[in-house]
Structure formats: structure tokens, C-alpha cells
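Please walk me through this structure, one selection at a time, as I have it open in a viewer and have not seen it before. Tell me what to select next and what is to be found there.

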Amino acid sequence: MSSLITTLTSPPYDGYIAYGIIVSIVFMGLQLMAAVMVYAERKVAAFMQQRYGPYLVGPKGLFQPIADIVKLFFKEELRPKAADAFLFSLAPIISVAAAYLAFAPIPFGAPTTFFGLLDEPMPLQVSDVNVAVLVIFAVASMGVYGIVLAGWASNSKYSLLGGLRSSAQMISYELAYGMALATVVMYANSLSLREIVDAQRGYFFEGTAFGFIPHWYIFPQFVGFFVFACAGVAETNRAPFDFPEAEQELVAGYHTEYSSMRFAMFFMAEYINMVTVSAVATDLYLGGWHGPFNIPAELGGGWIWFVIKLAFLLFVYLWLRWTLPRFRYDQLMSFGWKVLLPLATVNLILTAAGVLYFGL
Amino acid sequence: MPIGHYLVLSGLLFAIGTAGVFLRRNLITLLLSVEIMLNAVNLAFVAFGRVAGTNDGQIITFFVMTVAAAEAAVGLALVIGLFRHRESLNPEAFTSLKW
Amino acid sequence: MGSDALLFYTFAAITVIGALLVVIQKNPVYSVLSIIAAFFGLAGLYVLLEAPFVAVVQIIIYAGAIMVLFLFVVMLLNVPREDAAEWDRSHPLYRPMAVRIGAVLAILLALELGWALSLTTGLGVGVAEGADAMSSVQKLGEVLFTKYMFAFEVTSILIIVAMVGAVVLARKREE
Amino acid sequence: MLALIPLLPFAGFLVNAFVGKRLSKSISGGLATGVMAISFVIAVMQVLALAGMPPESRQINQTLFTWITAGDFSLDLALRLDALSAVMILVITGIGSLIHLYSTSYMHDETDPEFARYFSYLNLFCFFMLMLVLGSNVLVMFVGWEGVGLCSYLLIGYYYEKPSASDAAKKAFVVNRVGDFAFILGALLLLVTFNSLDFYTIALAVKAMPQEVTFGTLSLITLLLFIGATGKSAQIPLYVWLPDAMEGPTPVSALIHAATMVTAGVYMIGRNAMLFEHAPITLTIVAIIGAATALFAGTIGLVQNDIKRVLAYSTVSQLGYMFLAMGVGAYGAGIFHLYTHAFFKACLFLGSGAVIHALHGEQDIRNMGGLKKHIPITYWTFVIASVAIAGVPFLSGFFSKDEILFEAFVEGHQLLWGMGILTSLLTATYMFRLVHLTFHGEERFHGAEHHAPAHGHHAPAPQAHEAPQAHQAPHDAPWPMATALIVLALGSILAGYVGVPHALGGHNSFGAWLTPVFNATNCGQTTTTGALAGMAIEECTPVEERDPEEHAGTELALMIVSSLIALAGIGLATYLWLKHKEIPARLAAQYPGVHRLLLNKYYVDEVYDATIIQPIKVVSTEGLWRGFDVKVIDGAVNGAGYLVSGVSIVLRLLQNGSVKTYAASMFVGTVAILAYYLWR
């Protein structure tokens, strides 16, 4: 049996229950995240625009997401006559599946025993793939098909334009994205996210006056982080790169024709992707679950750090969306090809040189 | 798993690709068929490499992929150009040797 | 049969069916989707061959990039389903003949391949037997950048040329 | 350093050829003359350096680059300066620069581009001539050999819009081609015989051989080379081009067709002296041809009326002299005569040029006379040169000529000696006939311009300033021409004194200077290397000279005889063409056949035309052109065309532009190859 198969099928520890727990945690967590993000987004938007935002349903409108979900459940499934039935229904599935799958190899906490429930600690991760970074990259690149196919299948010009835009946009930004990933991989000399995170334990300049600076890759790799952030935002089709669904231009872009649960899937996919990208960024650049100081296992362990950083990044997402205007399409392309890609390449080369000659 | 299986599979894929090249009348599908043939070869390479215990097979696969990427880029660009000239993708529509 | 064989046949089935669909489908979009499916099957086979890196790269490059490009073009041109043949009968090698020839040749090739396989010995050798897999990404990198250095560089040139060529070819001629 | 000598003129050629159109006359002419002058200076320096060396190793070698490498045979483009080529480069660069100088004023009425063209040709000629004499192996020499042929063609046909000029040019080219063909055959034969083309290597190799009594390889080689020489140096039977070559500008005739190029053949024989020495049969032929030419041309020169043609025939006859010398094995004497002849013949030609210039293009001596008081400088220089060529004692011609005759006599060729004496009589006679008809007697040149159009192009004068100067007295040469004339005249007086014979108390230092070359006793670096190194060493012992005093008496006697002959010739000329002018006419009337025969140069051209040219024409027209060319070659070509088009009618079906068909054919190939490997 081959190594990857082992990691994928049989968990690296005994106790399938625990494994199931982890999987369900991730699954549910993601869904919860999506819901929370809906609420958060509205609130943040309102906050930034001096509005109240949702406040009727529940205290401070906390249950608004639930209301939304209910609404979406009971809405009618619409499908344009000329649409391609099969693909029309396939597209959202691809989207959301890719979104969930992308989170699989992401570790979000040090091995823990769940407050002693387990006799041996188990890693907070669905599957520890030794080429995790590449897997994430691959799955992320699959996500585009959902959008593209949705755009094409619903057989409407707005959708089609949205799909085309997203495909072009994703291809363009995947390069910079991959370059940034490669840089970190080179830096940490490993493809496994867990190892990358563990490489970020501790501090720079141990024992000096600057000893407080945590050993996070964002500090040596801030350029890479910038590139990764931009590319990530573009990959998730969020403002200011939200071209596939540019309301002002394309009604709602690729999901113009969608309604009800299928629409909900796209919606979820989008937020889950945000979470995924943020999680990856956290693991790659912000030292994952390693914080400035250790949180003892009794209080839950390192994953709290992880959640905090994740929340921060997600807030940045919203912040960007409600702060920046949308690019023009040509600006998007030229930014991707003429700024990010060269930047990422130079960064890659410099880092390579550093690793090779100065053993950074 | 005996290597014979992989070889048969590879040959099968190659045959399918060839058939596609001959039977289809759509330039894009033709290109796709070519991709299938390439991948059939890749499979054979990797299988042999595995048996031999070297990774040259995988390396060659990377090169094949690169070539495939280049071929796809240029090929599709050509397809677009041709489509601009004749509103068709049927290779039989481009039999004139100059225009 | 072991789970290994099971996986092999599953992936092989996916691949072959996908490939067949590519050829059979009349609608280019479906062809692209089926070939993506086939690629996933192939990726699985690569994993079975203990070449995980190749597998992932297969997904990233083929499924993730090249096929998106195909899909993009298909949508851009919005190609209709394949139209009925308008055959050029003025030519002695007109298409039905060509098809027949092609079919005959395909059969011939299949026969020859079968024969060749029948002649070959050692087909029973299991892929996993013999030397262990040399598939760690580090090893690949080393080999790629030492033994195959030249080829690698040439590849980069090839890519550049392809990019320029594509841009030039697809540019709108303003006339 | 050595390479600079030929390369400077080449540079001049490049400039004049490519940017000459935009240059003014003074610049292009000055440039051309300047480079020649500089390379003369360099040549002098090189020769002095050479003279500084011990006689056994007098060589300066310079290999420019390896030219040909084929298997084990490799050939350098190498230059070698030794005693012999030293003489040649001095003559070429020295007289060359004088003639350039002369030309600047002689050609002054040309338009700027024409002027530049003229000088570019002239420079190119000098380059090739220097390559010819400096080349250290046969092939380099051959390059020069062909090059000077080309330049002579270009310069003869300089007034190309004049039919006679271009015809003459073509004639010269074709006739030379015959000789060159023989020459290259000889060169190849040399190569296969000695597996080398380097002169010294060959010379030493030959030296090791016994003399060839019967007609063998060496004789064949030398004979072929000699045929080449007859072409280049206008000997029987290939001399016919030289008289017509007078269509070119006069300075050209002076430089190419008197001083330098035509002597290439003589030089070549001298260069291969050892080779010829071992082929006595060829030597005899050379001697006989030389003597015959000398006499023959002399007789023709006696009756010609075109001033330049007279000089041309005299040139031919003098060249005959040189070949005679070579033939009797008196190489030193031959080269000596070459060297002196260069001076006085160049001087004569330039003088004639001055006369023509003065008379605005008149060339017919019957329309001259009495020019003495009009153009004194030209007159005196002309006379000096004529005296020199006539062989009057104590001028350059005297020494060289007498040495030749003496050698001929001593070597036991009394008959040839007789012919030589007769020729010198003729020489003296026709030269002074020329002098008298041109400069003495009453002035017949009024209204010269009526004749001008006939020779309109010989000198540019007529078109340029005929109208203003139609009836004013002829003017003497302007300073550049005068300078050249005077220097050359002095040369024709003094040049001989480098080779004063022993009989006159001198000790033929010129001969001494040259002997090592001819005996191949001086072994330069080249010979001390390679297969012949060992031989070179033991060959380095100088061979014993003939005792100079032995024949002093004979020599003195012969000198007196020939001097008397020369004076007699002058007297005869004076008697016939100055005192009693009716006698020649009466003679002509008395023997009309002879006169016509001479006047028409023995009908040689006509004979050649009838015996060679016409048959060739017929064969090539009927046989080669109408027969072979049209039927076979064109047939083959057209056939190929038909074949291709026929086949492609079928093949076109394959290239139907349908990608699938191509794919199918590719696939067929795949299946076939696979099948082959299976069935194999």
C-alpha cells in the first residue's frame, strides 16, 4: 500500500470515532463559519456604513443567519428553460465540494487529547498529506470549474460573462498564488503544512532585546504574504476582485440564475473558501497555532491562537470588501500579470538565493 | 499489480485518443484526443519507472506535461484565429492551403 | 482481490470511461469535463504507482490549468454541438474513405499492440515488486535540476515561445 | 611588414573603388600615388634589410594565414622576399609610383568617377603584381597571375565605350586564358610530382634529381609553365594581344604592357630556374622561341606607323631577348635586362604619351615630326631612352643586352647569338626611325585634330580642349609627367651600373646578388623545415661560379661588335628616314609583298582567325550549342520539369490540406514501423 493512500484512508492513529469526531468538527465548523460570516459581514458592513445591520431576529440579530438558511430552504428551485440541466445542478456541487475538500489537509491545532478524553494526542487535522500544500493548490484550482460551469450552464449572457471572467481571473492569479506557496515551501523546506507550522515555533533573535518577535514567516516573507493575500482574495472572488459577481455590471454574475439551495451552496462555497484561504495563510505565514506565548492544554491549547488569527484575517476580508472599490477588468489583469507575478518571482528567486547561500 | 495491466490500459487510452483524432470533426475535441494520447504515454512511463525503481519516468512525465501545456496554448490560440476566419471548427473547413 | 487491485480497477474504469466519453460526447463542454474525470482517474493511478507528486501535478496542471484554458476557449467561441459533416466529395480521399482507412488502421494498431504484448515477457511483474519507489519530492527535484538540467532549461524556453506565439496568434488583426 | 607592400595598394583600390565617385581628382589620384610611394619606401626598407643578411639565407618570410587544408596537404598564403623578388618589387613599386604620378596629370581630363575608376584599377593591378612576385608558392603566384590578367583586361578596355578598345581587352583576356590554362596544368602537375607548391621546396627537390635528357615530367611541367609565360609575356605564338593592348591609356601601356606584367613570365622562369635547369629540352625551346620572337617582332616594328604600336612590338622583341637569356640559362642576365628594360621602355611609353598629349591624341608618326623644339623635355628623355634600348655603350640597355648576347655565345648558341645581334640592329633602327619621324624633320602635325577623332579616346585631350588649342603649338609635359620622364631617363642611363660586367672591370654584382636564388643555395627558414630539411643543409654549400676572367676577352670582343651594330642601326635609321626619305618609299614600292607582309604583321591575326577561331565558332555553334546544349541539357532540364509536374499531379492528392489525411498517413507509418519490428 502506498503512503498517500494510508494517509487518506486509514487515519494515523487508532480510534475511528475520534477520526469521525474530527471530520464532523471540521464539517460542522465550516458550515458554522459560513453562517457566522454571513452575520459578521452584514454587521461589519453596517458598522462601516454607520448602519445597524440585522437586529430584529434574536439579540442583536444573532439568529439572522438561521433565518436566511430557512428562507433559502423553502425557496423554489428555479432553472432556466434553455439551461443545461445536468451541468446546472452539477456546478454548485463542484463548488461546495471543492471548498470543503480544500480544508481537509489543513492542520488547525497541535495534537491534543481533548482534555484527556483520548489516551494519546491526535492532530487537529483531517488528513496529514505529505504534499498538503500542493493538494490545497490543486483543489483550489478545481473550485473554478463550479463557477465556470455555472456560468455556462445557466445559458445567460451575464452568467457566461461571469464564468469567463472568473476562469481568466483564476488562471491569472493561480500563478502568483503558487509562487507564494512555493516560496514558503522552500523556506520551510517541507510540503507538509504541519511541518511548516512547526517550523514557525519559537522566536527570532532568541535571547536578544528583540527576542519577543515570534518566528512567523510573515516577517521574513512579508512580500510573499502580500502576494499571497492579494492572490487569495482574487481566488475567492472577493472584493476588490469580485468580478464573477460584479453586481453593478453583471446582475449577480455566474449565479444570476440560481436560487434556493443551489444558490446557498455557492454562497457557502464562497465563505468556506475565504475560511480556507485564511487558514492556509495562518498556517503558512502567521505560525498557525503558535502564539507569542503558549496557551496551556487545560485552556484548550494552541488552536485558540489559530482561531484568533483566522478571525482576524476574515475580518480583513470584510474590511477590504467594504473599503476598496472594485478594480477595472484590465486593471485586474495588469495587476495580476505585471505586478503580482513579477513580485512573486523576484521574491522566489531572492528567497532561493537566501536559502541556498545564507541558509536562512 | 502486474505492469501488464498498466500497459494494456495505456494502449487502450492511446487507441481511444487516436480514434478520437480520426472520428471527431471538432478541432477542440481533436486537441483533447491528443491530450489523451499524451497521458496514455505518461502512464506507461510512470509505470515503467515504478518497475525499474527510478524516477526518470516521472521526470519525463513532467516534460510531457510542459509540452502539452505549450501545445494547448498555441493550439487553442490557433483555433481562435481559425474560428475568426471561418465561423466553424470543423477541420474540413480549413483544407484550403492558403487564403 | 486486495484493495490495491480494487483501486486500480476503479481508477482504470474512471479513466477509460472518461476518455471514451471525450470521444463520444458531441458537446465540447462535456468532452472537457469527461477528460477532467479521466485525469482524476489517472491521478489515482499515479498515486497507486507511488508517484503522488506526479498525481498532484497532473491535477494542478492538466485539470487545473490546461483544461480551464480549453473550457475558456470553448465558452469564448461558444462552439455549437458538432454540425453534420459537409464532406468534400471532389477529393478522392474524401472523409468517409478516410474514416474507413482510419478505422482499419486503428484495428491494425490494436492487433499489433496485442501481439507485441503477447510477445513481451515479464508482464506479470508487479509494479510494487523490485526496487522501492524513488518518488520523494526532494529526489525528484535533485534529479530534475542535475541530470535533466539542460532539458529543464530548454523547457523554459519552449514555454516562453509558446506564450509569445499564443499571444501573437490570438491577437485580433486590425484590418 | 612585408604584407604591407601589397596591402597598401589594395587599400587604395578599395577606397577608390567604393568611395572614389565622391572624391575629387586630386584626392583620389593623390591617394593612389601616395600608397604606391609609401609601399615603395617600405619595399626599399625591406630590401635593405634583406641585403643585410648573409647571401646563403637571404629570405624574409611572412605567412598571412593557412589558406587550404585538405587531408595532409596544407597551403599557406605566404609571402617571401628574396633576391629575385626584391628586384621585382623595387621595379614594380618604384616605376609604379612614377607612373601613378604621371597618370595624375595625363588622365586629368577625365570626369571624377572615371578618374577614380582608373586609379582603382591601377592600384589593384599593383596589388596583384606584388602578390605575384612575393608569393612563396605557385598558387599565390597564380592568384597574382590571374589578377594582373584581370586588371590588364579592365585597363585595356578602360575606354569601354570604344569598340576597338573593348575588343582588344577581350582579345587580351582570351589569349591570356590559353596561357593560364597551360600554367595551371603545370602547377597541378607540380603538385602531384612534388606534393608541394612551395618554390624552395620544389627547387631543392629538383636539385636532388638528375638532369632530364629525354622529354619527361619535368620537361612537361616546364613546357606547360612556359606556355603560360608566352601568354602573359606575349611570346610566339601568343603575342598577338599585346599590340592591340595599346588601346588602353598610355601610362597603362607603360606600366603593365612594358615594365611589369608582361615580364611576369620571365620572372616565373627565373623563379623556377632550378626546374628549368633540369629540363634542357624546354630550355632550348624557350631560347628558340625567345630569339624568334625578338627577331620577328623587330621586323614588324620596322614598318609600323602608330607610335605606340612600334613601342609595343619593341617590347615584344625585348621580351624575346629576356626569354632568350632564360633559354641559354643566363637567368641573371635575363632578369638584369628585365630590370633595365623596365626603365627605358617605361620612359619611352611615357614619352610617347607626352607626345600624344601634346598633339591632343595624335598617334600616327606620319603626322608628327619637328616636335624637338616644342617639347624639349619629352624629346631629350625619349632620345636617352632610345639610345639606352638601342644598346649604345655605357647606358643601361648596353650592359644587360650584351650580357645576354655574351652568355648566349659562351653557352655555345652561336645561331641564337646571331639572331640576337640582328635583332639589336633592328632595334636600333626602328627606335631611331621613331625618333626621327617624331621629333626631327619638318612639322607635319598641323591640323592634327582632323585625325584626332580616329584616336579620339587614346588621350582625353581632344574632347576636352581641342577647340581652344586647335592651332596653338603643342605644349610640353606638365610637371608630374616631366618628373616621371626625367627620373626614368636618369634610370635608363644609370640603372645598368649595378651590373657592370667583369670585362669592364666591374664585377657583375647584380648577377652575384641573384645567383643564390637560381642555384637554390640559399636555404631560408622554409627549407630547413619539413621533409627536405636534411637535404637543405647539405645543399647549402654555394656552387662554384664560372671564373669571371675566363671569357673576359671574348666578352670584350662581343661588346665591341654589338656596340658597332647598335651605332650602325642608328646610322641606318638616320640615313633612311632623315637624310633620304625617298628610299624607304622606294623600297616599299620595290618589294610590295614584303612591305605589305610586314605592315600586316605577317597576317598572323588572320591566320589565327582562319585556323583556330572560325573552327571553334563552328563547332561551338553547331555542335555544342545547337546540338548538345539545346537537345541534351535543355532536354534534361525540361524533362526534369515535366517529370516533377507529372508526379505532383498525383502527389497533390495527398496534400489536400485536410489535417486528418495527414494524421492518417502518419498513422500508416506508425503501423508499418510497428509491423516491421514485429515481423522482423
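At what angle do helix α3 (residues 83-106) of chain D and helix α21 (residues 479-494) of chain D pack? Keep in mind throughout that this is a predicted model. Select these two helices of chain D, and you will find that they pack at an angle of about 150°, with their axes 7 Å apart. Because angles over 145 degrees count as roughly antiparallel, α3(D) is roughly antiparallel to α21(D). Turn the view until one helix lies in front of the other, and the way in which α3(D) passes α21(D) is a left-handed crossing.

Next, show the side chains where these two helices touch. From α3(D), the contact is made by L98(D), I99(D), L101(D), Y102(D), T104(D), S105(D) and Y106(D), while α21(D) brings P480(D), M481(D), T483(D), A484(D), V487(D) and L488(D). Coloured by class, this contact of α3(D) with α21(D) shows ten nonpolar and three polar residues, with no charged residues.

**Chain B**

Now select chain B on its own and follow the chain from its N terminus, along which the elements run α-α-α. The secondary structure of chain B comes to three helices and zero strands. Of the 99 residues in chain B, 57% are buried, and among its contacts between residues at least 6 apart in sequence, 45% join residues at least 24 apart.

Colour chain B by confidence, and the average pLDDT is 83, with 96% of the residues scoring at least 70. Among the elements of chain B, the lowest mean pLDDT (83) belongs to helix α1 (residues 3-23) and the highest (88) to helix α2 (residues 27-52).

**Chain C against chain B**

Keep chain B in view and add chain C, where the contact takes 72 residues from chain C and 62 residues from chain B. On the side of chain C that touches chain B, at least two residues each are supplied by α1 (3-24), α2 (28-48), α3 (52-77), α4 (95-119), α5 (137-146) and α6 (149-170) of chain C. The largest share of that side, eleven residues, comes from α3(C). By class, the side of chain C that touches chain B has 55 nonpolar, nine polar and eight charged residues.

**Chain A against chain C**

Finally, hide chain B and bring in chain A, which gives 22 residues to the contact, against 20 residues from chain C. Which element gives the most to the side of chain A that touches chain C? Select α5(A), which gives the most, with nine residues. The residues on this side of chain A divide into 18 nonpolar and four polar, with no charged ones.

Notes. Residues numbered from 1 in each chain as written. Chains lettered and ligands numbered in written order. Predicted model: local features only at pLDDT ≥ 70, side-chain atom pairs only at ≥ 80, totals over all residues. Axes fitted to C-alpha atoms, helices over the stretch in contact; angles between N-to-C directions. Helix = DSSP H or I, 4+ residues; strand = E, 2+ residues; numbered from the N terminus. Parallel < 35°, antiparallel > 145°, perpendicular 65-115°, else oblique. Left-handed = near helix turned anticlockwise from the far one by under 90°. Contact = placed C-beta atoms within 7 Å. Nonpolar A, V, L, I, M, F, W, Y, C, P; charged D, E, K, R; others polar. Buried ≥ 20, exposed ≤ 12 C-beta atoms within 10 Å, placed from the backbone. pLDDT = per-residue confidence, 0-100.
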